[in-house]
Amino acid sequence: MTMRIGCVGCGNMGGAILAGLARNAEHQDKADAYALCGYNRTASRMRPLEEAGVTVMPSPLAVAENADIIVLAVKPYQMQEVVKELRPALNKNKVLVSVAAGISLHNLELWAEKLCPVVRCMPNTPALVGMGVFALCFEDPKLSHDCKQNILQMFGRLGQCVELAEEKFTAFSALIGAGPAYVFAMMQGLVQSGVTLGFTHAQSRQMVTALFAGSARMAEEDPSPLGQLRDNVCSPGGLTIAGVNMLDRAGLTGLLVDAVLAADARGAEMERKGG
Ligand SMILES: NC(=O)c1ccc[n+]([C@@H]2O[C@H](COP(=O)([O-])OP(=O)(O)OC[C@H]3O[C@@H](n4cnc5c(N)ncnc54)[C@H](OP(=O)(O)O)[C@@H]3O)[C@@H](O)[C@H]2O)c1
(Lines give C-alpha, C1' and ligand atoms only; values in the text may rest on other atoms or scores of the structure.)
Protein backbone atom coordinates (compact mmCIF):
# COMPACT_ATOMS: atom_id res chain seq x y z
CA MET A 1 0.00 0.00 0.00
CA THR A 2 1.24 3.51 -0.74
CA MET A 3 2.57 5.21 2.35
CA ARG A 4 1.64 8.89 2.52
CA ILE A 5 4.50 10.84 4.08
CA GLY A 6 4.48 14.58 4.67
CA CYS A 7 7.02 16.98 6.09
CA VAL A 8 6.47 20.35 7.74
CA GLY A 9 9.66 22.41 7.64
CA CYS A 10 11.74 21.45 4.62
CA GLY A 11 15.08 23.06 5.48
CA ASN A 12 18.32 21.13 5.88
CA MET A 13 16.98 18.09 7.74
CA GLY A 14 13.35 17.99 6.51
CA GLY A 15 14.54 18.66 2.95
CA ALA A 16 17.17 15.90 3.21
CA ILE A 17 14.58 13.41 4.48
CA LEU A 18 12.13 14.18 1.66
CA ALA A 19 14.87 14.27 -0.98
CA GLY A 20 16.26 10.94 0.26
CA LEU A 21 12.82 9.31 0.16
CA ALA A 22 12.12 10.78 -3.29
CA ARG A 23 15.45 9.37 -4.57
CA ASN A 24 14.51 6.04 -3.07
CA ALA A 25 11.01 6.07 -4.53
CA GLU A 26 12.51 5.96 -8.03
CA HIS A 27 13.87 2.49 -7.26
CA GLN A 28 10.77 1.08 -5.61
CA ASP A 29 8.02 -1.19 -6.85
CA LYS A 30 4.83 0.72 -7.52
CA ALA A 31 3.08 -1.31 -4.82
CA ASP A 32 5.66 -0.19 -2.29
CA ALA A 33 5.80 3.47 -3.30
CA TYR A 34 5.64 6.57 -1.14
CA ALA A 35 3.40 9.56 -1.80
CA LEU A 36 5.45 12.51 -0.57
CA CYS A 37 4.28 16.01 0.28
CA GLY A 38 5.68 18.96 2.16
CA TYR A 39 5.33 22.56 3.21
CA ASN A 40 8.02 25.09 4.01
CA ARG A 41 7.58 28.66 5.19
CA THR A 42 9.89 29.99 2.47
CA ALA A 43 8.30 28.50 -0.65
CA SER A 44 11.46 28.64 -2.81
CA ARG A 45 13.06 25.88 -0.69
CA MET A 46 10.39 23.49 -2.03
CA ARG A 47 11.41 23.91 -5.70
CA PRO A 48 14.10 21.19 -5.88
CA LEU A 49 11.88 18.86 -3.86
CA GLU A 50 8.98 19.46 -6.22
CA GLU A 51 11.24 18.60 -9.16
CA ALA A 52 12.13 15.36 -7.34
CA GLY A 53 8.44 14.41 -7.12
CA VAL A 54 7.29 15.89 -3.80
CA THR A 55 3.85 17.53 -3.84
CA VAL A 56 4.00 21.05 -2.47
CA MET A 57 1.21 21.83 -0.01
CA PRO A 58 -0.20 25.29 0.70
CA SER A 59 -0.02 25.01 4.52
CA PRO A 60 1.13 22.78 7.40
CA LEU A 61 -2.51 21.75 7.89
CA ALA A 62 -2.71 20.55 4.27
CA VAL A 63 0.34 18.34 4.91
CA ALA A 64 -1.38 16.78 7.93
CA GLU A 65 -4.55 16.24 5.89
CA ASN A 66 -2.68 14.53 3.05
CA ALA A 67 -0.17 12.39 4.95
CA ASP A 68 -0.35 9.54 7.46
CA ILE A 69 3.24 9.93 8.67
CA ILE A 70 3.88 13.61 9.40
CA VAL A 71 7.54 14.52 9.93
CA LEU A 72 8.06 17.73 11.87
CA ALA A 73 11.39 19.35 11.02
CA VAL A 74 11.03 22.97 12.11
CA LYS A 75 13.33 24.43 14.77
CA PRO A 76 12.57 23.27 18.31
CA TYR A 77 11.20 26.67 19.40
CA GLN A 78 8.71 26.63 16.47
CA MET A 79 7.40 23.15 17.22
CA GLN A 80 4.56 23.99 19.63
CA GLU A 81 3.04 26.53 17.23
CA VAL A 82 3.26 24.13 14.27
CA VAL A 83 1.69 21.18 16.13
CA LYS A 84 -1.16 23.47 17.19
CA GLU A 85 -1.80 24.34 13.53
CA LEU A 86 -1.99 20.66 12.60
CA ARG A 87 -4.48 19.66 15.31
CA PRO A 88 -7.69 19.85 13.20
CA ALA A 89 -6.29 17.12 10.91
CA LEU A 90 -4.90 14.80 13.59
CA ASN A 91 -6.54 11.48 14.44
CA LYS A 92 -5.48 8.03 15.63
CA ASN A 93 -4.60 6.94 12.07
CA LYS A 94 -1.92 9.63 11.75
CA VAL A 95 1.45 9.81 13.47
CA LEU A 96 3.66 12.79 14.23
CA VAL A 97 7.41 12.17 14.00
CA SER A 98 9.47 15.00 15.46
CA VAL A 99 13.17 15.33 14.63
CA ALA A 100 13.56 18.42 16.84
CA ALA A 101 16.44 18.26 19.30
CA GLY A 102 15.38 18.37 22.94
CA ILE A 103 11.59 18.26 22.42
CA SER A 104 10.22 15.52 24.67
CA LEU A 105 7.52 13.00 23.84
CA HIS A 106 5.58 14.42 26.77
CA ASN A 107 5.47 17.89 25.19
CA LEU A 108 4.62 16.50 21.76
CA GLU A 109 1.70 14.54 23.23
CA LEU A 110 0.56 17.57 25.19
CA TRP A 111 0.66 19.87 22.16
CA ALA A 112 -1.07 17.26 19.97
CA GLU A 113 -3.68 16.79 22.71
CA LYS A 114 -3.16 13.00 22.39
CA LEU A 115 -5.16 13.06 19.14
CA CYS A 116 -2.57 10.86 17.43
CA PRO A 117 0.52 8.85 18.40
CA VAL A 118 3.85 10.69 18.53
CA VAL A 119 7.36 9.46 17.82
CA ARG A 120 10.64 11.14 18.67
CA CYS A 121 13.51 10.85 16.22
CA MET A 122 17.09 12.13 16.46
CA PRO A 123 19.07 12.08 13.22
CA ASN A 124 22.72 12.97 12.77
CA THR A 125 24.09 15.15 9.98
CA PRO A 126 25.20 12.31 7.63
CA ALA A 127 21.43 11.93 7.10
CA LEU A 128 21.98 14.87 4.73
CA VAL A 129 23.86 12.49 2.40
CA GLY A 130 21.67 9.44 2.98
CA MET A 131 23.95 7.81 5.58
CA GLY A 132 22.39 8.95 8.82
CA VAL A 133 21.94 7.16 12.10
CA PHE A 134 18.41 7.69 13.40
CA ALA A 135 17.49 7.14 17.04
CA LEU A 136 13.78 6.42 17.26
CA CYS A 137 11.68 6.35 20.40
CA PHE A 138 8.45 4.38 20.15
CA GLU A 139 7.25 4.74 23.73
CA ASP A 140 3.83 6.21 22.99
CA PRO A 141 1.38 3.37 23.78
CA LYS A 142 -1.02 4.73 21.13
CA LEU A 143 1.43 3.72 18.40
CA SER A 144 0.40 0.55 16.52
CA HIS A 145 2.85 -2.20 15.56
CA ASP A 146 2.21 -1.58 11.84
CA CYS A 147 2.81 2.13 12.13
CA LYS A 148 6.10 1.51 13.95
CA GLN A 149 7.20 -0.90 11.19
CA ASN A 150 6.32 1.68 8.53
CA ILE A 151 8.42 4.31 10.28
CA LEU A 152 11.36 1.91 10.65
CA GLN A 153 11.07 1.02 6.97
CA MET A 154 10.96 4.68 5.99
CA PHE A 155 14.01 5.82 8.00
CA GLY A 156 15.79 2.57 7.10
CA ARG A 157 15.89 3.89 3.54
CA LEU A 158 17.84 6.94 4.73
CA GLY A 159 20.43 5.26 6.93
CA GLN A 160 20.47 3.06 10.03
CA CYS A 161 17.74 3.03 12.67
CA VAL A 162 18.32 2.43 16.37
CA GLU A 163 15.30 2.00 18.63
CA LEU A 164 15.99 3.74 21.94
CA ALA A 165 14.25 4.60 25.19
CA GLU A 166 13.76 8.35 25.46
CA GLU A 167 16.07 8.49 28.49
CA LYS A 168 18.91 7.43 26.17
CA PHE A 169 18.44 10.33 23.73
CA THR A 170 20.97 12.62 25.44
CA ALA A 171 23.58 9.84 25.41
CA PHE A 172 22.81 9.21 21.73
CA SER A 173 23.22 12.92 20.98
CA ALA A 174 26.56 13.04 22.83
CA LEU A 175 27.94 10.02 20.97
CA ILE A 176 26.27 9.90 17.54
CA GLY A 177 24.61 13.31 17.13
CA ALA A 178 27.87 15.07 18.02
CA GLY A 179 29.89 12.22 16.48
CA PRO A 180 30.52 13.80 13.07
CA ALA A 181 32.32 16.67 14.86
CA TYR A 182 34.72 14.21 16.54
CA VAL A 183 35.30 12.38 13.28
CA PHE A 184 35.91 15.61 11.33
CA ALA A 185 38.36 16.75 14.04
CA MET A 186 40.35 13.52 13.62
CA MET A 187 40.20 13.87 9.84
CA GLN A 188 41.43 17.45 10.11
CA GLY A 189 44.47 16.34 12.13
CA LEU A 190 45.35 13.66 9.58
CA VAL A 191 44.86 16.01 6.61
CA GLN A 192 47.14 18.51 8.34
CA SER A 193 49.82 15.86 8.86
CA GLY A 194 49.55 14.95 5.16
CA VAL A 195 50.19 18.58 4.23
CA THR A 196 53.12 18.64 6.66
CA LEU A 197 54.56 15.64 4.82
CA GLY A 198 54.34 17.49 1.49
CA PHE A 199 51.02 16.38 -0.01
CA THR A 200 48.73 19.09 -1.36
CA HIS A 201 45.73 19.86 0.83
CA ALA A 202 43.39 18.44 -1.82
CA GLN A 203 45.38 15.21 -2.16
CA SER A 204 45.61 14.79 1.58
CA ARG A 205 41.89 15.38 2.08
CA GLN A 206 40.93 12.96 -0.67
CA MET A 207 43.19 10.23 0.74
CA VAL A 208 42.09 10.77 4.35
CA THR A 209 38.41 10.72 3.37
CA ALA A 210 38.93 7.41 1.57
CA LEU A 211 40.87 6.14 4.61
CA PHE A 212 37.89 6.77 6.91
CA ALA A 213 35.38 5.28 4.48
CA GLY A 214 37.54 2.17 3.95
CA SER A 215 38.27 1.68 7.65
CA ALA A 216 34.58 2.08 8.51
CA ARG A 217 33.71 -0.55 5.90
CA MET A 218 36.30 -2.95 7.37
CA ALA A 219 34.95 -2.41 10.90
CA GLU A 220 31.47 -3.10 9.57
CA GLU A 221 32.37 -6.29 7.70
CA ASP A 222 34.96 -7.84 10.03
CA PRO A 223 33.59 -8.77 13.48
CA SER A 224 37.08 -8.92 15.08
CA PRO A 225 37.56 -6.62 18.08
CA LEU A 226 38.70 -3.14 16.97
CA GLY A 227 41.92 -3.58 18.99
CA GLN A 228 42.65 -6.64 16.87
CA LEU A 229 42.03 -4.74 13.62
CA ARG A 230 44.41 -2.07 14.91
CA ASP A 231 47.08 -4.59 15.89
CA ASN A 232 46.82 -6.27 12.48
CA VAL A 233 48.19 -3.06 10.91
CA CYS A 234 51.15 -2.88 13.31
CA SER A 235 54.09 -5.03 12.08
CA PRO A 236 56.66 -5.77 14.79
CA GLY A 237 59.29 -3.03 14.87
CA GLY A 238 57.52 -1.24 12.02
CA LEU A 239 56.36 2.24 11.11
CA THR A 240 52.71 1.94 12.24
CA ILE A 241 53.50 0.86 15.81
CA ALA A 242 55.76 3.93 16.13
CA GLY A 243 52.76 6.15 15.31
CA VAL A 244 50.31 4.15 17.44
CA ASN A 245 52.66 4.38 20.44
CA MET A 246 52.40 8.18 20.21
CA LEU A 247 48.59 7.99 20.21
CA ASP A 248 48.64 5.74 23.28
CA ARG A 249 51.07 8.03 25.08
CA ALA A 250 48.75 10.99 24.39
CA GLY A 251 45.76 8.94 25.61
CA LEU A 252 43.61 9.26 22.48
CA THR A 253 41.08 6.61 23.61
CA GLY A 254 40.63 8.26 27.02
CA LEU A 255 40.33 11.66 25.36
CA LEU A 256 37.49 10.42 23.16
CA VAL A 257 35.69 8.95 26.17
CA ASP A 258 36.12 12.27 28.04
CA ALA A 259 34.80 14.23 25.04
CA VAL A 260 31.62 12.14 24.84
CA LEU A 261 31.08 12.30 28.62
CA ALA A 262 31.51 16.11 28.55
CA ALA A 263 28.93 16.38 25.75
CA ASP A 264 26.56 14.10 27.67
CA ALA A 265 26.93 16.20 30.84
CA ARG A 266 26.28 19.41 28.89
CA GLY A 267 23.23 17.81 27.22
CA ALA A 268 21.82 16.81 30.62
CA GLU A 269 22.41 20.34 31.93
CA MET A 270 20.63 21.84 28.88
CA GLU A 271 17.67 19.52 29.43
CA ARG A 272 17.39 20.56 33.09
CA LYS A 273 17.32 24.21 31.98
CA GLY A 274 14.79 23.38 29.23
CA GLY A 275 17.20 23.70 26.26
N1 LIG B 1 20.45 19.83 10.67
C2 LIG B 1 20.80 18.80 11.44
O3 LIG B 1 21.84 18.22 11.26
C4 LIG B 1 19.88 18.31 12.53
C5 LIG B 1 20.29 17.22 13.32
C6 LIG B 1 19.42 16.74 14.31
C7 LIG B 1 18.17 17.33 14.49
N8 LIG B 1 17.82 18.40 13.71
C9 LIG B 1 16.52 19.03 13.97
O10 LIG B 1 15.87 19.25 12.73
C11 LIG B 1 15.05 20.41 12.85
C12 LIG B 1 15.32 21.31 11.65
O13 LIG B 1 16.67 21.71 11.67
P14 LIG B 1 17.39 22.21 10.34
O15 LIG B 1 18.83 22.18 10.61
O16 LIG B 1 16.85 21.47 9.18
O17 LIG B 1 16.87 23.72 10.30
P18 LIG B 1 16.47 24.61 9.04
O19 LIG B 1 17.37 24.30 7.89
O20 LIG B 1 16.37 26.02 9.53
O21 LIG B 1 15.00 24.08 8.68
C22 LIG B 1 13.86 24.47 9.36
C23 LIG B 1 12.84 24.81 8.29
O24 LIG B 1 11.57 25.00 8.91
C25 LIG B 1 10.92 26.03 8.17
N26 LIG B 1 9.83 26.59 8.95
C27 LIG B 1 9.86 27.41 10.01
N28 LIG B 1 8.62 27.64 10.47
C29 LIG B 1 7.77 26.94 9.68
C30 LIG B 1 6.38 26.77 9.65
N31 LIG B 1 5.58 27.37 10.52
N32 LIG B 1 5.87 25.96 8.71
C33 LIG B 1 6.67 25.36 7.82
N34 LIG B 1 8.00 25.50 7.78
C35 LIG B 1 8.55 26.27 8.71
C36 LIG B 1 12.00 27.01 7.88
O37 LIG B 1 11.60 27.83 6.81
P38 LIG B 1 12.44 29.07 6.30
O39 LIG B 1 13.13 28.53 5.07
O40 LIG B 1 11.44 30.12 6.02
O41 LIG B 1 13.39 29.47 7.40
C42 LIG B 1 13.19 26.11 7.54
O43 LIG B 1 13.26 25.80 6.15
C44 LIG B 1 15.39 21.09 14.17
O45 LIG B 1 14.35 20.89 15.08
C46 LIG B 1 16.66 20.39 14.62
O47 LIG B 1 16.71 20.26 16.04
C48 LIG B 1 18.64 18.89 12.74
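A residue counts as buried when its relative accessible area is under 20%, as exposed when that area is over 50%, and as partly exposed in between. Keep that cut-off at hand for the exercises below, which work through a predicted model.

**Exercise 1. Get an overview of the protein.**
Find how many residues the protein has, what share of them is buried, and how many helices and strands there are.

*Solution.*
Step 1: Start with the chain, which has 275 residues, 36% of them buried.
Step 2: Add the secondary structure, which amounts to 12 helices and 8 strands.
Step 3: Finish with the dimensions: the C-alpha trace extends over about 70 × 40 × 35 Å along its principal axes.

**Exercise 2. Describe the surroundings of the ligand.**
Work out which residues come nearest to the ligand and which classes make up the shell around it.

*Solution.*
Step 1: Look at the neighbours. There are 23 residues around the ligand, and those that come nearest are Asn12, Met13, Asn40, Thr42 and Val74.
Step 2: Sort the shell by class, which gives 13 nonpolar, 7 polar and 3 charged residues.
Step 3: Turn to the oxygen atoms of the ligand. A backbone N or O atom of Asn12 is 2.9 Å from one ligand oxygen atom. For Gly11, a polar backbone atom lies 3.5 Å from an oxygen atom of the ligand. Lys75 uses its side chain instead: an N or O atom there is 3.3 Å from a ligand oxygen atom.
Step 4: Now ask how much of the ligand is covered. On its own the ligand exposes 880 Å², and the protein buries 83% of that.
Step 5: Place the ligand in the protein, where the space it takes is the second largest pocket.

**Exercise 3. Follow two buried residues with polar side chains.**
For Asp140 and Arg120, decide whether each is buried or exposed, then find what the side chains contact.

*Solution.*
Step 1: Locate Asp140 in the loop between β7 (132-137) and α6 (145-156). Asp140 is buried because its relative accessibility is 4%.
Step 2: Trace the side chain of Asp140. A polar atom of this side chain is 2.9 Å from the backbone nitrogen of Val118. The backbone nitrogen of Lys142 likewise lies 2.9 Å from a polar atom of the Asp140 side chain.
Step 3: Move to Arg120, which is part of strand β6 (residues 118-122). Its relative accessibility is 6%, so Arg120 also counts as buried.
Step 4: Trace the side chain of Arg120. It reaches the backbone oxygen of Ile103 at 3.2 Å, and a polar contact of 2.8 Å links it to the side chain of Glu166.

**Exercise 4. Examine two residues with positive phi.**
Find where Glu113 and Lys114 sit, and assign each an exposure class.

*Solution.*
Step 1: Check the backbone angles. Glu113 is not a glycine, yet its phi is positive, near 50°. Lys114, also not a glycine, has a positive phi of about 55°.
Step 2: Find their place. Glu113 is in the loop between α5 (105-111) and β6, and Lys114 is in the loop between α5 and β6 as well.
Step 3: Apply the cut-off. Glu113 is partly exposed because its relative accessibility is 47%. Lys114 has 55%, so it counts as exposed.

**Exercise 5. Characterise Gly159.**
State which strand holds Gly159, and find its exposure class.

*Solution.*
Step 1: Gly159 belongs to strand β8 (residues 159-163).
Step 2: The relative accessible area of Gly159 is 22%, so this residue is partly exposed.
Step 3: For a sense of distance, Gly159 is 107 residues from Ala52 in sequence, and their C-alpha atoms are 19 Å apart in space.

Conventions: Residues numbered from 1 in each chain as written. Predicted model: local features only at pLDDT ≥ 70, side-chain atom pairs only at ≥ 80, totals over all residues. Heavy atoms only, no water. Near = heavy atom within 4 Å. Polar contact = N/O pair within 3.5 Å; in protein donor to acceptor, adjacent residues only side chain to side chain. Areas by Shrake-Rupley, 256 points an atom, 1.4 Å probe, with all protein chains shown as cover. 1 Å grid on protein atoms, 1.4 Å probe; cavity = no way out; pocket = protein on both sides within 12 Å on 5 of 7 lines; lining within 4 Å. Sits in = over half its atoms within 2 Å of the grid points. Nonpolar A, V, L, I, M, F, W, Y, C, P; charged D, E, K, R; others polar. Helix = DSSP H or I, 4+ residues; strand = E, 2+ residues; numbered from the N terminus. Buried < 20%, exposed > 50% of the residue type's maximum accessible area, 1.4 Å probe, protein only.
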